[in-house]
Amino acid sequence: MEEVISSREDEITTSTTSASSSYQHTTFFPHLETLTLQYLRSLKCIDDEKNSWSRSNKTSSSVTTTIHHHLQSAQVTGSYWSLCQYPRNIFIKDCEALSSLIPWYAAGQMKRLQELEIRSCSWMREVFENEGSGAGTSLTSLHLQNIITTVAVPQLSNLITVGIYECYLLTHIFTFSTLKTLVHLKHLKVKRCETIQVIVKEENKTSSSSSSSEVVVFPNLETLELDRLPNLKGFFLGMNDFRCPSLVNVMINDCPQWVVFTSGQLETPKLKYLQTSFGKHNLEHGFNFQTTFPTSSKGMPSSFHNLIEINIEKRDVRRTIIPSHALPQLVKLQQITMNRCDGLEEVFEVVAVEGSGSSESKTLVPIPNLTQVTLEDLDDLKYLWKINQWMVLEFPNLTTLSIYKCYKLEHVFTCSMVGSLVQLQELSISRCHKIKVIVKEEEECDAKVNEIIFV
């Protein structure tokens with residue numbers, strides 16, 4: 001199936017032409033609440049109005065099989081009616097041949113739409129079709145043309161939830177002129193769209209609709225999730241200021257090209273922290289820092305400076321999770337939770353400090369606000385950190401440590417470490433089959449372990 005609604009006819013005659021004029025204002029399914037289209041891998045368009053527009057200038061004799069043959073007799077050619085303009089909820093999944101969803105002639109009639117979800121439409125290049133493609137021009141570029149603001153600015157005043165997933169050819173979701181209609185948008189999620197570069201695309205610089213002096217307000221936006229978007233540079237790269245007075249939940253995960261939310265000012269008075277693939281960050285540095293899981297021991301200083309929690313689950317990681325250079329930056333870190341992270345051998349990387357030559361010049365590095373550590377199902381974990389003669393980590397406020405199913409772990413503490421654990425209240429170790437001792441002695445440790453008091 002290539003179309004849900006088709007207006008094609010085998011022949012175009014004078015009689016059918018006159019009949020079509022009587023249907024110029026005919027609408028179908030005006031009470032349609034939900035439109036769900038799934039696993040229609042040959043579906044190229046929701047309805048055939050854009051093709052009928054082209055045929056009004058160029059006769060075509062092609063015939064297409066559709067679901068609603070009876071609508072052909074209505075001859076709705078030229079009426080600019082779309083199946084998409086009435087539903088409150090639209091769900092599209094695995095329609096691989098669909099290149100766009102909302103026809104250009106219906107974009108201005110979407111005021112009923114409240115929820116839009118698109119999944120696994122690998123050939124989709126635009127959510128809201130521009131008029132050029134509706135007039136029969138072929139889509140040969142991944143970049144979208146500007147929507148004609150006088151005709152096809154999407155009217156989305158009741159849209160509450162938008163979810164776009166695995167649409168690999170999309171480069172943006174909205175154009176700037178659309179933003180002023182999104183007054184009720186609460187939840188926006190975009191995930192696993194490989195070519196998307198911005199969420200909101202700038203329009204023609206000469207257009208007054210994208211003037212840099214215009215302030216964009218999302219009065220009801222509460223949740224923003226941007227996940228695994230390898231080419232995403234920012235939410236919007238123009239100079240406009242953004243205000244999001246209701247925004248409380250932001251997740252920006254695995255977006256390695258991320259630069260900035262907007263080049264203008266951003267106001268989010270209720271937002272307290274930002275979630276990334278590494279964990280939870282405060283907003284001391286705003287949105288302008290790396291959001292990708294670390295793969296080397298260099299870079300990302302601001303990501304560790306404002307790190308509050310490390311939360312990593314079910315993913316392959318490198319040998320250590322916190323590189324040595326980042327240890328002095330963990331002044332705000334409060335919690336570490338790691339579960340099923342293959343490849344992790346040590347939590348904290350400790351290496352020689354440049355210029356240190358003997359054990360007498362050990363460097364003490366406190367992690368002052370860390371209170372809770374949970375390590376579960378870490379098959380490759382051998383130690384919290386390696387014993388060495390150059391650096392000692394201190395955890396003066398750690399209260400809870402839980403270790404579960406870490407099969408290669410042979411000890412938990414060293415005697416140089418336990419001296420700082422004066423606040424430890426809960427210690428739980430379970431199903432760690434290779435553990436021989438809880439506290440491992442070090443050279444020159446003497447009787448230091450016997451002097452430790454757990455309050």
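This note goes through the cysteines, the charged side chains and two backbone angles of a predicted model.

1. On the cysteines, the structure holds zero disulfides. The sulfur of Cys-167 has its closest cysteine sulfur in Cys-121, at 5.0 Å, and because a disulfide requires the two sulfur atoms to lie within 2.5 Å, this separation is too far for a bond. Cys-167 is buried, with a relative accessible area of 0%, and Cys-341 likewise counts as buried, at 0% relative accessibility.

2. The structure holds 15 salt bridges, of which a few are taken up in this point and the next three. Lys-180 forms a salt bridge with Glu-214, in which the closest N and O atoms are 3.9 Å apart. This pair links distant parts of the chain, 34 residues apart, with Lys-180 in the loop between strand E9 (174-175) and strand E10 (187-191) and Glu-214 in the loop between strand E11 (200-201) and strand E12 (216-217). Lys-180 counts as exposed, at 53% relative accessibility, whereas Glu-214 counts as partly exposed, at 24%.

3. The side chains of Lys-405 and Asp-377 meet in a salt bridge, with an N to O distance of 3.4 Å. Lys-405 lies in the loop between strand E26 (400-404) and strand E27 (413-414), while Asp-377 lies in the loop between E24 and E25, so the pair ties together parts that are 28 residues apart in sequence. Lys-405 counts as buried at 19% relative accessibility, a value to be read with care, because buried is taken to mean under 20%. Asp-377 is also buried, with a relative accessible area of 16%.

4. Lys-408 forms a salt bridge with Asp-380, the closest N and O atoms being 3.5 Å apart. Here Lys-408 lies in the loop between E26 and E27 and Asp-380 in the loop between E24 and E25, so that parts of the chain 28 residues apart in sequence are tied together by this pair. Lys-408 is partly exposed, with a relative accessible area of 36%, and Asp-380 counts as partly exposed as well, at 23% relative accessibility.

5. Apart from these pairs, a network of salt bridges links Glu-33, Arg-88 and Arg-112. As general background, side chains of opposite charge can pair when their charged atoms come close.

6. On the surface, a patch of positive charge is formed by Lys-382, Lys-386, Lys-434, Lys-436 and Lys-440. One of these residues, Lys-382, has its place in the loop between strand E24 (372-376) and strand E25 (391-394), and Lys-382 counts as partly exposed, at 34% relative accessibility.

7. Two backbone angles deserve a check by eye. Phi of Lys-314 is near 55 degrees, which is a positive value in a residue other than glycine. Lys-314 is found in the loop between strand E19 (307-313) and strand E20 (320-322), and at 57% relative accessibility Lys-314 counts as exposed.

8. The second angle belongs to Arg-340, whose phi is likewise near 55 degrees, again a positive value in a residue other than glycine. Arg-340 lies in the loop between strand E21 (335-339) and strand E22 (346-348), and counts as partly exposed, at 45% relative accessibility.

Key:
Residues are numbered from 1 along each chain as its sequence is written. This is a predicted model: local features need pLDDT of at least 70, side-chain atom pairs count only at pLDDT 80 or more; totals for chains, interfaces and linings use all residues. Side-chain values use heavy atoms; hydrogens and water are left out. Buried means under 20% relative accessible area, exposed over 50%, partly exposed in between (1.4 Å probe, protein chains only). Patches are made of residues with over 30% relative accessible area and no salt bridge: like charges are joined within 9 Å, nonpolar side chains (Val, Leu, Ile, Met, Phe, Trp, Tyr) within 5 Å. Accessible areas come from the Shrake-Rupley method with a 1.4 Å probe; for residues, only the protein chains shown count as cover. A salt bridge is a side-chain nitrogen of Lys or Arg within 4 Å of a carboxyl oxygen of Asp or Glu. Lys and Arg count as positive and Asp and Glu as negative; His and the chain ends are not counted. The place of a charge is taken as NZ of Lys, CZ of Arg, CG of Asp or CD of Glu. Helices (H or I, at least four residues) and strands (E, at least two) are DSSP runs, numbered from the N terminus.
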